[in-house]
Every structure is written in structure tokens, then in C-alpha cells.
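Work through these exercises with the model open beside you. Try each task before you read its solution.

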Amino acid sequence: MSMEEFAVKKLFTLSETIAADIFEGVVYPWEVLARIGDFIRRLGASLPQDRYEKREGDIWIARSAIIYPSACIQGPAIIDEEAQVRHCAFIRGSAIVGRGAVVGNSTELKNVILFNKVQVPHYNYVGDSILGYKAHMGAGSVTSNVKSDRTPVVVRHGEAGVETGLKKCGAMLGDEVEVGCNSVLNPGTVAGRKASIYPASSVRGYVPPGAIFKDQERIIPRKGQN
């Protein structure tokens, strides 16, 4: 079954990531999750040395990025220009942090692509996920990337769904999505561009672009949104 709402072209502005090439020929964003580590190694080797410093463990950090001394970064990883990795952040590998993005205090990343100007600034966990341009996760909000029964994740829209074939698949957040504090994005959550999620929500399935998620039974269009 094909679901156009879940497509890369519907969710993301590819000019707003250093990782645009990874999506070439891909329909759904979760298709690239298994490729992120190898892609980083290839891309990193091509980055200009006057703008990026290569560190041990296949880590490339832009010279204009700000990395706090207490942050821990494991490779492969790319930290793009003007990004910030703050106090006690833990980047656990296979992570691309976009230009001007913020990885905040005690935030953990694993196998992710953060587009430019993404903010995960306070106590967030983001794993096996892709966050579009200017997406923002409020304090304490997390992606859940494994189902309790460990079966492969299915991305659902009402009664229909698309099988990912992946046992680990977190959230796909389109450009400018806002996630309220202390929310849980369950495995296979997809939120369209400019969707908003109320604080302390448990989200699963699809949130349409521009919609406001109040709870699973109340997903309403924003006023003026087509």
C-alpha cells in the first residue's frame, strides 16, 4: 500500500540538510535509517578541512559549531556549521546534526538525521528518527523506537498502514513540527509539516500537516489550514 502523506517530498525541505543525497530514490523517510552510518562516513570524507575538523572515530565537527566540554559524541557523526551540542548531551553514533541545530542538556541521539535549525534542547531522547527543518521537541519529549512486543513497526493512517520492516523506527517529523513538553512519540509516528502536539501527549500514527494533536481522538485542523 502506498501512502503519499508519508513521503519524503511531503515532509521535508531537502535543501535544509547536508544529508539531502541520502534520500535520493527513496519514497519513505524510514527507508534511509539503516544507511545513516555508512552515509556519514562517505559524506564526512568529502567535507572541506578548512570548515570541518575530523576527529577520531569517524566524527566530523564544523569549526563554527559549539560543543560543550561535557558533551559525549560517538561516531559516526557529523555536526554541521553553527550547531550547538550542550552540557551532558550524548550522541551515540550514526547522527547528523544540521546547521544551526541545538542538541541540549542531557539529550541523547542515536541513528538520526536532524535537519537545519532543529531544536531538541532539554532532556530529549531521539532514536531511529528524522526531524525536519526547524522541528522542535519540548522539554522531556521523546521518541519511542521499539514496540513492546518487538515486532516490526507499521506506520498507520486510520485503518491503513505501511509496513516498515524495521524493529526500530521512531518518529518522522516534518518541517516546523512542534512537540509539546513530556510527550511520547510512539514507534512509527509521522507528523506532517507544521503540525503541533499538545504537551504530555502519547502519539501514534499520522498527524496531518498543520493539525493540532490534542489527544488520539482529537486531531483538529488549525484555523485557516486547508
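**Exercise 1: A loop residue, Ala-135**

Ala-135 sits in the loop between strand E12 (125–131) and strand E13 (136–137). The model is predicted.

Task: decide whether Ala-135 is buried or exposed, then list what it contacts beyond its neighbours within four places in sequence.

Solution.
- Step 1. Take the relative accessible area of Ala-135, which is 0%. Buried means under 20%, so Ala-135 is buried.
- Step 2. Check the C-alpha distance to Phe-115. The two residues are 20 residues apart along the chain, and their C-alpha atoms are separated by 8.1 Å.
- Step 3. Collect the contacts, leaving aside neighbours within four places in sequence. Ala-135 is in contact with Lys-117, Val-118, Gln-119, Gly-174, Glu-176 and Val-177.

**Exercise 2: Two further loop residues**

Task: classify Thr-107 and Ser-144 by accessibility, and find what each one touches.

Solution.
- Step 1. Place Thr-107. It lies in the loop between strand E9 (102–105) and E10.
- Step 2. Apply the cut-off. Thr-107 has 1% relative accessibility, so it counts as buried.
- Step 3. List its contacts, not counting residues up to four places away in sequence. Thr-107 touches Ala-89, Phe-90, Val-120, Pro-121, His-122, Tyr-123 and Asn-124.
- Step 4. Place Ser-144. It is in the loop between strand E14 (142–143) and strand E15 (154–157).
- Step 5. Apply the cut-off again. At 22% relative accessibility, Ser-144 counts as partly exposed.
- Step 6. Look along the chain. Gly-127 is 17 residues from Ser-144, and their C-alpha atoms are separated by 7.4 Å.
- Step 7. List the contacts of Ser-144, again without neighbours within four places in sequence. They are Cys-169, Gly-170, Val-184, Leu-185, Asn-186 and Pro-187.

**Exercise 3: Aromatic pairs and the core**

Task: classify the ring pairs Phe-6 with Tyr-206 and Tyr-28 with Trp-30, then place Trp-30 in the nonpolar core.

Solution.
- Step 1. Search the whole structure. Six aromatic pairs turn up.
- Step 2. Take Phe-6 and Tyr-206. Their ring centres are 5.5 Å apart and their planes stand at 70 degrees, so this pair is edge-to-face.
- Step 3. Locate both partners. Phe-6 is in the segment before helix H1 (8–11) and Tyr-206 is in strand E23 (residues 206–207), so the pair ties together parts that are 200 residues apart in sequence.
- Step 4. Check burial. Phe-6 counts as buried at 0% relative accessibility. Tyr-206 counts as buried at 10%.
- Step 5. Take Tyr-28 and Trp-30. The ring centres are 4.8 Å apart and the planes are at 10 degrees, so this pair is stacked. Both residues are buried.
- Step 6. Join the pieces. Phe-6, Tyr-28, Trp-30 and Tyr-206 form one aromatic cluster.
- Step 7. Turn to the core. The largest nonpolar core has 71 residues, and Trp-30 and Ile-113 touch the most other members.
- Step 8. List the contacts of Trp-30, leaving aside neighbours within four places in sequence. Among them are Phe-6, Val-155, Val-162 and Met-172.

**Exercise 4: The faces of helix H2**

Task: find which residues of helix H2 (residues 36–46) are buried, and what covers them.

Solution.
- Step 1. List the buried residues of H2. They are Ile-36, Gly-37, Phe-39, Ile-40, Leu-43 and Gly-44.
- Step 2. Look down the axis of H2. The buried residues fall within an arc of 155 degrees, so they line one face of the helix.
- Step 3. Recall the geometry. An α-helix has 3.6 residues a turn, so residues three or four places apart point the same way.
- Step 4. Inspect the face turned away from the buried side. It carries the exposed residues Arg-42, Ala-45 and Ser-46.
- Step 5. Find the cover. It includes E2, strand E5 (77–79), strand E8 (95–97) and strand E10 (108–114).

**Exercise 5: Two hairpins**

Task: describe how strand E1 (residues 52–55) pairs with strand E2 (residues 59–62), and how E24 pairs with strand E25 (residues 218–221).

Solution.
- Step 1. Pair E1 with E2. They run antiparallel and four bridges join them.
- Step 2. Examine the turn. Three residues lie between the strands of this hairpin, and Gly-57 in the turn has a positive phi of about 90 degrees.
- Step 3. Match residues across the strands. Lys-54 stands opposite Trp-60 in E2. Lys-54 also lies over the face of Trp-60, at 5.2 Å from the ring centre.
- Step 4. Pair E24 with E25. The sense is antiparallel, over four bridges. The hairpin joins them through two residues.
- Step 5. Name a bridge. Asp-215 has Arg-218 in E25 as its bridge partner.

Conventions:
Residues numbered from 1 in each chain as written. Predicted model: local features only at pLDDT ≥ 70, side-chain atom pairs only at ≥ 80, totals over all residues. Heavy atoms only, no water. Core = buried A, V, L, I, M, F, W, Y, C linked by side-chain atoms within 4.5 Å. Buried < 20%, exposed > 50% of the residue type's maximum accessible area, 1.4 Å probe, protein only. Contact = heavy atoms within 4.5 Å. Phe/Tyr/Trp six-rings, centres within 6.5 Å; stacked < 30°, edge-to-face > 60°. Lys NZ or Arg CZ within 6 Å of the ring centre and 35° of its normal. Pairing = 2+ DSSP bridges. Arc of directions from axis to C-beta.
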